[in-house]
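Here are some short exercises to work through with the structure open beside you. Try each task yourself before you read its solution.

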Amino acid sequence: MKLMEVLAGQVLEALASGAELTLVESAIGLLNSAKWRSQAAELLSRLGQLVGTDGARVAVAGAVVAMLQLGGAVPHLSALVCGLARGASSDAARLAAAEAIAAAGEGGHIAVGSDEVLEAVALLARGAASDAVRAALCRSLRGVAACGVKYGRVALRRLIDALVAIGEAAESDDVREMVAGVFAAVTEGDLDLEERISIARDDVWNTLEAMGRRGEGDGVKEAVCRAIAGVSHAFNLDVNRDESADTALAAYRVMRMLVDFGEALPAAGRDG
């Protein structure tokens, strides 16, 4: 008990002096030592539960990425990266959490298509202040769309929420093209009619139109057109439904954008 009191006092002294980030960084550094290396994965997971500042989140997320890149496994990884995402309040912390989620997803260590992880991704997307964060999130979502997962209704809504948030705020053609590519890939998946209709939301049409008009290169415009075709497929399937793709104002603006694209093509090669 005496030892724990001494240790607790030292922790409080570190917190009182504002040295909690140094404390976390030092602890992460010790994980590579011979004494702690065999327990590094388990201790990193527990350390992640203690972080309270963005600086500490960045340190823990960076250690997670490094460990995964070396082929290691981190216990309770999904809960760890989601916790890092939920607490992030700066873009540096959002970027670190997004990169940890992307690394974990690409390595097959977590199910990025789960409700919990997609909720964290959507949260990061709404708060992102830079395309670096948005690009890292797109890496995660691109993996979800490519794996042919069968989405639940909640997971699909969160996935679309994240894409809308990223697409609306995207500052570069690279990110816009990534978002459009994920939209297209999602609509090519195994979706039932109601799921397809749920994607054809006004905010989706608005985002696709904004990305198409803001995009400068042919690549992003082509990607947006493919995404529009995929989203519109819901209406092609539902011949008995009162709704149609051209009744909503948002969808009408998308059609006007496509007309503008067509009119901007050179006279030769309009059918390309």
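**Exercise 1.** In this predicted model, find how helix α5 and helix α7 lie against each other: how far apart are their axes, and at what angle do they cross?

*Solution.* Start by picking out residues 77-87 for α5 and residues 115-127 for α7. Their axes come within 9 Å and cross at roughly 25°. Angles under 35 degrees count as roughly parallel, so α5 is roughly parallel to α7. Last step, the handedness: α5 and α7 make a left-handed crossing.

**Exercise 2.** Work out which residues make the contact between these two helices, and sort them by class.

*Solution.* Take α5 to begin with: Ser78, Ala79, Cys82, Ala85 and Arg86 are its share of the contact. From α7 come Glu116, Val117, Ala120, Leu123 and Leu124. Now sort them: the contact of α5 with α7 has 7 nonpolar residues, 1 polar and 2 charged. Ser counts as polar, while Arg and Glu count as charged.

**Exercise 3.** Zoom out and describe the whole protein: which kinds of element does it have, and how much of it is buried?

*Solution.* Go through the elements: there are 14 helices and 0 strands, so from the N terminus on you just read α again and again. Next, burial: of the 272 residues, 43% are buried. Then the surface: the protein exposes about 13600 Å², with 55% of that supplied by carbon and sulfur atoms. Finally, look at contacts between residues at least 6 apart in sequence: 73% of them join residues at least 24 apart.

Note on methods:
Residues numbered from 1 in each chain as written. Predicted model: local features only at pLDDT ≥ 70, side-chain atom pairs only at ≥ 80, totals over all residues. Heavy atoms only, no water. Helix = DSSP H or I, 4+ residues; strand = E, 2+ residues; numbered from the N terminus. Buried < 20%, exposed > 50% of the residue type's maximum accessible area, 1.4 Å probe, protein only. Contact = heavy atoms within 4.5 Å. Areas by Shrake-Rupley, 256 points an atom, 1.4 Å probe, with all protein chains shown as cover. Axes fitted to C-alpha atoms, helices over the stretch in contact; angles between N-to-C directions. Parallel < 35°, antiparallel > 145°, perpendicular 65-115°, else oblique. Left-handed = near helix turned anticlockwise from the far one by under 90°.
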